[in-house]
Number of protein chains: 2
Amino acid sequence: MAEIPVVAKVLKLNDELAAMNRLALADAGVRCVNLMGAPGCGKTALLEATLSALAGKLMVGVVAGDIATTRDAERLIAHTPHVTQINTGGSCHLEAHQVRQGMDHLPLTDLDLLIIENVGNLICPVSFDLGEGARVAMFSVTEGHDKPAKHPSVVLAADLVILGKIDLKPYVPFDESIFRAYLANMRDNLAVLPLSATSGEGLSAWISWLTDFGAGSSGFRVNLSI
Amino acid sequence: MAEIPVVAKVLKLNDELAAMNRLALADAGVRCVNLMGAPGCGKTALLEATLSALAGKLMVGVVAGDIATTRDAERLIAHTPHVTQINTGGSCHLEAHQVRQGMDHLPLTDLDLLIIENVGNLICPVSFDLGEGARVAMFSVTEGHDKPAKHPSVVLAADLVILGKIDLKPYVPFDESIFRAYLANMRDNLAVLPLSATSGEGLSAWISWLTDFGAGSSGFRVNLSI
C-alpha cells in the first residue's frame with residue numbers, strides 16, 4: 001500500500017527521538033514505565049493508588065496522554081506536582097516527541113521514576129517506542145478474558161501484564177485461567193499481576209515491581225525494536 | 001507532516017469504496033449499522049442478545065472486525081448463519097474494502113439489517129466510512145463517566161449512544177448524570193440508550209431503534225463526510 005514508506009519514515013524518526021529520551025532519562029537516573037491499556041481499563045485509578053503508595057519512597061513524575069481534556073492530570077496532581085498532560089488532538093497514541101515535551105516540563109534530576117500513561121487504546125500505542133525502560137499492558141476483568149488473544153501485539157511487547165478491577169470479578173463472566181492460558185500461549189514467563197486499585201488487593205506486588213524493575217541492570221532496555 | 005497527503009488519499013479511496021457499499025446495500029434493501037466501542041465494552045455480548053431478540057423478526061447479517069481470532073464470529077454464529085469475521089492483521093479499524101469482502105460472503109438480498117461490529121477501539125474507526133446508514137457509539141459504565149469527554153470524535157459522529165453494562169452500576173463509581181452532561185455539551189438531542197445485555201434491561205428500546213431507524217426515509221445517510 002502506498003502509505004508504507006511514509007509510515008516507515010515516521011516510525012524511524014520516532015525511534016531516534018525515543019533513543020534521545022532514553023539517554024536523557026539514563027543521564028538523570030530516572031527509570032521509566034510506559035503504561036498501555038484500553039479506555040477505561042483503570043490506568044488513572046491505578047496511578048492514583050500508586051502515587052499514594054509511593055509517597056515518601058520514590059519521587060514519581062507522570063506524563064499523561066489523552067486525545068482531549070486534562071482530566072487525568074487533574075486527578076493525579078493531588079498526589080504529585082510532577083504531572084504533565086499531553087493532548088494528542090485526535091491522535092490515537094503518544095509519540096516520542098510528545099513525551100519529550102512532557103519531560104521538559106518535569107524536574108528530571110529530582111525524579112526516581114517516570115510513568116507514561118498512554119492514550120486509552122490497546123492497539124496503536126505499541127508501535128511507538130517512547131524511550132521507556134519497561135512496558136506494562138493493562139487489562140481489566142470487565143473487558144473479558146479473551147482480550148490477550150484479540151490484542152497479541154501489546155502482549156508480545158509487554159514486560160508485565162496487569163489484570164485490573166479484580167474487585168469486580170464476582171459480577172462479571174471472567175475466567176482468569178483462560179486469560180492466563182491465552183497469555184502463556186504467546187509468552188513464556190510473562191509476569192501477571194492481578195490487582196484492584198479500589199480495594200487495594202494486589203497493589204503491594206505492583207509497588208514492589210515498580211520499585212525493583214531494572215534495579216539489577218542499567219534499568220533501560222537497549223534493544224527495543226518492534 | 002509528510003504523511004498527510006498519503007493519508008488523505010487513503011481516506012478518499014475508502015470514501016469511494018464506502019459509497020459503493022452504500023449503493024449495494026440500498027440496492028439489496030439492507031439497512032446497515034456500524035457499532036463502535038472500546039475493547040471489552042460489550043459489543044459482542046450485545047449482538048448475541050440482539051440477534052436472539054430479532055430472531056424471526058428481521059434477517060440480520062454481521063460483519064465482525066478484529067485484529068486477530070475468529071472468537072466473535074464463533075459466538076454469533078449460534079444466533080445467525082450470516083456472520084463474516086474480518087481479521088485486520090494488526091490494523092486498528094475496519095475499512096470499506098474489508099466490509100465489502102465481508103458483504104460478499106453474505107446473502108445480501110435475504111437480509112433486512114447488516115450490523116458491522118468494528119474493531120475494539122474508541123479512536124481510529126470513526127475516521128473510516130464503511131457505507132453504513134447509522135453509527136452507534138457504545139460505552140460501558142465500567143469505563144467511567146468521563147469517556148465521552150475524552151473521545152469527542154466518536155460522539156460527534158454517532159447517531160446513537162449506547163451505555164452498556166448498567167447491571168454493574170452498583171459496583172462502580174459511575175455517575176450517569178455526568179456522562180449525559182458531557183454528551184449534551186457536545187451534541188443536542190443525541191439519543192442515549194442505557195442497557196444491559198446480561199440482565200436484558202433496556203434491550204427493548206435498542207431493538208425498537210434497530211427495527212425503526214431509517215424507516216421513514218431511504219434509511220441511508222447521504223452526506224457522511226467527516
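How many bridges join strand 1 of chain A to strand 4 of chain A, and do the two run parallel or antiparallel? Five bridges join them, and the strands run parallel. This is a predicted model, and the tour below starts from that pair.

**Stop 1: strand 1 of chain A**

Select residues 31-37 of chain A, which form strand 1. Seven of its seven residues are buried, so the strand is mostly covered. Colour the side chains by direction: A:R31, A:V33, A:L35 and A:G37 point one way, while A:C32, A:N34 and A:M36 point the other way. Residues on both faces are buried.

Now add residues 113-117 of chain A, which make up strand 4. To see the register, pick A:L35 and look across to A:E117, which stands opposite in strand 4 of chain A.

Next add residues 134-140 of chain A, strand 5. Strand 5 also runs parallel to strand 1 of chain A, and five bridges join the two. Here the pair to pick is A:N34 and, opposite in strand 5 of chain A, A:R135.

**Stop 2: B:M138**

Move to chain B and select B:M138, which lies in strand 5 (residues 134-140) of that chain. B:M138 has 26 other C-beta atoms within 10 Å and is therefore buried. Leaving aside residues up to four places away in sequence, show what B:M138 touches: B:L35, B:M36 and B:G37, then B:C41, B:G42 and B:K43, and finally B:I162 and B:G164. For a distance label, use B:P194: this residue is 56 residues from B:M138 along the chain, with 9.8 Å between the C-alpha atoms.

**Stop 3: B:L111**

Select B:L111 in the loop between helix 4 (96-103) and strand 4 (113-117) of chain B. Is this loop residue buried or exposed? B:L111 counts as buried because 22 C-beta neighbours lie inside 10 Å. Its contacts, not counting residues up to four places away in sequence, are B:V30, B:M59, B:V60, B:G61, B:H82 and B:L106. Of these, label B:G61: 50 residues separate B:G61 from B:L111 in sequence, and the C-alpha to C-alpha distance is 6.5 Å.

**Stop 4: where the chains touch**

Show both chains and select the contact between them, which takes 33 residues from chain A and 33 residues from chain B. On the chain B side, the elements that give two or more residues are helix 1 (4-28), helix 5 (147-150) and helix 6 (152-157). Helix 1 of chain B gives the most, with four residues. Coloured by residue class, the chain B side divides into 16 nonpolar, nine polar and eight charged residues.

Terms used:
Residues are numbered from 1 along each chain as its sequence is written. Chains are lettered from A and ligands numbered from 1 in the order in which they are written. This is a predicted model: local features need pLDDT of at least 70, side-chain atom pairs count only at pLDDT 80 or more; totals for chains, interfaces and linings use all residues. A residue is buried if 20 or more other C-beta atoms lie within 10 Å of its own, exposed if 12 or fewer, and partly exposed in between; C-beta atoms are placed from the backbone. Two residues are in contact if their C-beta atoms, placed from the backbone, lie within 7 Å. Ala, Val, Leu, Ile, Met, Phe, Trp, Tyr, Cys and Pro count as nonpolar, Asp, Glu, Lys and Arg as charged, and the others, Gly among them, as polar. Two strands pair if DSSP finds at least two bridges between them.
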